[in-house]
Amino acid sequence: MSDKFDAIIIGAGPAGSACAYTLAKAGKEVALIERGDTPGSKNVTGGRFYTYALEMLDEKLCEEAALERPVTHEQFMMLGGERSITIDYHDPSFHTPESVPMSYTILRARFDEWLAQKAEENGALLACGIKVDDLLEENGKIVGIVAGEDEMYADVVVAADGVNSFMGQKAGLIKDLDAHTVGVGVKEVIELSPDVIEARFCLRSGQGAARMILGCTEGIHGGGFLYTNQESISLGCVFMPDQVAQYKKSVHEIYQNMKMHPSIYSLIEGGKTIEYGAHLVSEAGYRGIPSRLHREGFLMAGDAAGLVMNTGYSIRGIDLAMVSGIAAAKAIIRAAHPYEAGPLYMKELENTGLIPSMKKMDGFFDILETPWIYDRVPNLATGVFSDLFSVHGQVPQSIKNSVLQRIKENRLSLWQLAKLGLKGVKSL
Amino acid sequence: MSRIVACYKWVAEEADIRINADLSVDLSKAKGKISDYDRNAIEAAVQAAEALGGKAVSLTFGTQKAKASLKDVLSRGPEEGCWVNGEEADNADSSVTARALAAAIKKIEDVSLIICAEGASDTYARQIGPRIGAILNLPVITSVAKMTFVGETLQAVRKLDDCLQTVEVELPAVVAVLPEINSAPIPGLKAVMAAGKKPVTEYKSADLGVDLTPKTQVTAFKGYVMQRKNIILSGDVGENVAALVAALRKEGVL
């Protein structure tokens, strides 16, 4: 075996495996190196996956992919004290027999293993249980990697090693983490029978729901998420670590309180926790993307490149990872010389609309930076609903007065809300 | 060149085995792995091959699932892999497994040493090594904690409770090794990469010409739950200690 590959890809997640798949299919010699004992074993993502990215990788892949439920119910939930409001947007067109459903819930341990296997079937060499320790550099170029006592060379090294990319740091393209730009996520997979899941979420057989939850973080910048899998629910919460550090409770305690909320508990009651994990997630969106995603002989893709979009009503990362992995592969295939791969990669990212999409959604970061949307807004909303629906036989307050009173109660002002609204309109 | 055969078993990962409320055992979510003790047997074969100037060959008997073991085992050093593929492996008893392995060993040329682990990490029946020896009419040394080779002679140190016994045997022979014989290293990048390119021979169990009908049948497979007394002592520390001692005496622990 030669020690030189066309490309070495570090990390067999969606970015790395999509990149390896594309390169191997084009006949390139590819090594795909994964730190976990199996691809996906180190992953904690929610999650939901938008199928267009898999279609982009190869037609018909969706039909055999390890997916859970097609999402037809998009939900948004606000928790205020013991009260809650849930908005359920049901769109049957998200899942029709004629076309591939727009998105699926997924369990990453299954999905990642499947995708890496597809890359392997195309001819990529997959090596699991291997930690890459360093990059090899010659004359200012990245020329390979070091893993334990082994060195391996390649024209291009692709870092798809996830958030807080050690390879990106070794290459000098990113600095150590800034606590302000990442969230700490905890997630549990709770086993329930399909019948129970479908009854509790009002789902048709086999269909799924994705839910974002606001007001479950005790005022800390963050939020909850919930996805219905075939035979389990993925429930979790993301917090900004710098704020948790100043708070008197641990992430675990806050998350447990969220689980005990009457509106959440009734969804998971009787379920059995089969998995529990925690991970970092990039929260900075467009401005979290490192200023440079490449050096000669080196590209960064997926979470490593900060390609995560959080709008507050949906989270995207897996699809962006795959798109960037494909873009990296295309750049490597087209590059006549390794130094061309970087600029070609950036061009691909622009052409696929990935970077422009993230730029467009950049304003959400500012909205999500508003500290009082995490407790006072859900309290206000649930309070107003309480006034609307409470009937005790007395002369009711006018709705206007009740709203104003609730605003005051929550130490907010109309002016603040109007400003947020304006900010919202601008960023949309 | 003489061959040193390392036998191993592809077992279910214990961490993934689930025991349901009705005590039924669910193996459906369990990933496979090389039996933990077999990793040392494989490493022992690699080291023996080096000492004897031979070639280490891995051998397993398993269902289609065991195919996934080949890349793993070959990343641990053997130069060739052998796999007896048969659904009989699912309900095989020790005699069936030993017959299947022995039949495959007969097909491998110039075998000088067969190494098994003392027992598999799932059943720990400790039968395969001795049974293979019996079938092939070869000397067997069990509980081996150390091996040294002088020419074609194997000097093995057996660990017996609190004694060490040293025995010598002319090769070919069968040994069953203890995990302390070596520390099986985690395969490195190049070893893992090279594993996929090593030659693998697959034998269909039906083609071996041996009877693979088990004599023992598994009639039940159930979870075991330890019944706990769940005695909680509360109150004054002094009284608690006395109560604890009394409770332990009553249970015959003290």
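**Notebook: a look around chains A and B**

I started with B:Glu109, which is exposed, with a relative accessible area of 63%. I kept in mind that this is a predicted model.

Next I asked where B:Glu109 is found in chain B. B:Glu109 belongs to the loop that runs between α3 (94-107) and β8 (111-117). Since exposed means over 50% relative accessible area, I was happy to put B:Glu109 in that class at 63%.

Then I looked up which residues gather with B:Glu109 in a patch of negative charge. They are B:Asp110, B:Glu152, B:Glu168 and B:Glu170, and the patch is on the surface.

I stepped back to chain B as a whole. I counted 6 helices and 13 strands in this chain. Its 254 residues include 43% that count as buried. Along the principal axes, the C-alpha atoms of chain B fill a box of roughly 75 × 40 × 40 Å.

How is chain B divided? I noted domain 1 (3-208) and domain 2 (229-254). For the spacing, I found 48 Å between the C-alpha centres of domain 1 of chain B and domain 2 of chain B.

Over in chain A, I wanted to know one thing about A:Arg69: is this residue buried or exposed? A:Arg69 is buried, because its relative accessible area is 2% and the cut-off for buried is under 20%. A:Arg69 sits in a loop too, between α3 (61-64) and β4 (71-80) of chain A.

Last, I checked A:Arg69 against A:Pro262. The two are 193 residues apart in sequence, and C-alpha to C-alpha they are 25 Å apart in space.

Key: Residues are numbered from 1 along each chain as its sequence is written. Chains are lettered from A and ligands numbered from 1 in the order in which they are written. This is a predicted model: local features need pLDDT of at least 70, side-chain atom pairs count only at pLDDT 80 or more; totals for chains, interfaces and linings use all residues. Side-chain values use heavy atoms; hydrogens and water are left out. Patches are made of residues with over 30% relative accessible area and no salt bridge: like charges are joined within 9 Å, nonpolar side chains (Val, Leu, Ile, Met, Phe, Trp, Tyr) within 5 Å. Accessible areas come from the Shrake-Rupley method with a 1.4 Å probe; for residues, only the protein chains shown count as cover. A salt bridge is a side-chain nitrogen of Lys or Arg within 4 Å of a carboxyl oxygen of Asp or Glu. Lys and Arg count as positive and Asp and Glu as negative; His and the chain ends are not counted. The place of a charge is taken as NZ of Lys, CZ of Arg, CG of Asp or CD of Glu. Helices (H or I, at least four residues) and strands (E, at least two) are DSSP runs, numbered from the N terminus. Buried means under 20% relative accessible area, exposed over 50%, partly exposed in between (1.4 Å probe, protein chains only). Domain bounds come from an automatic or database domain assignment.
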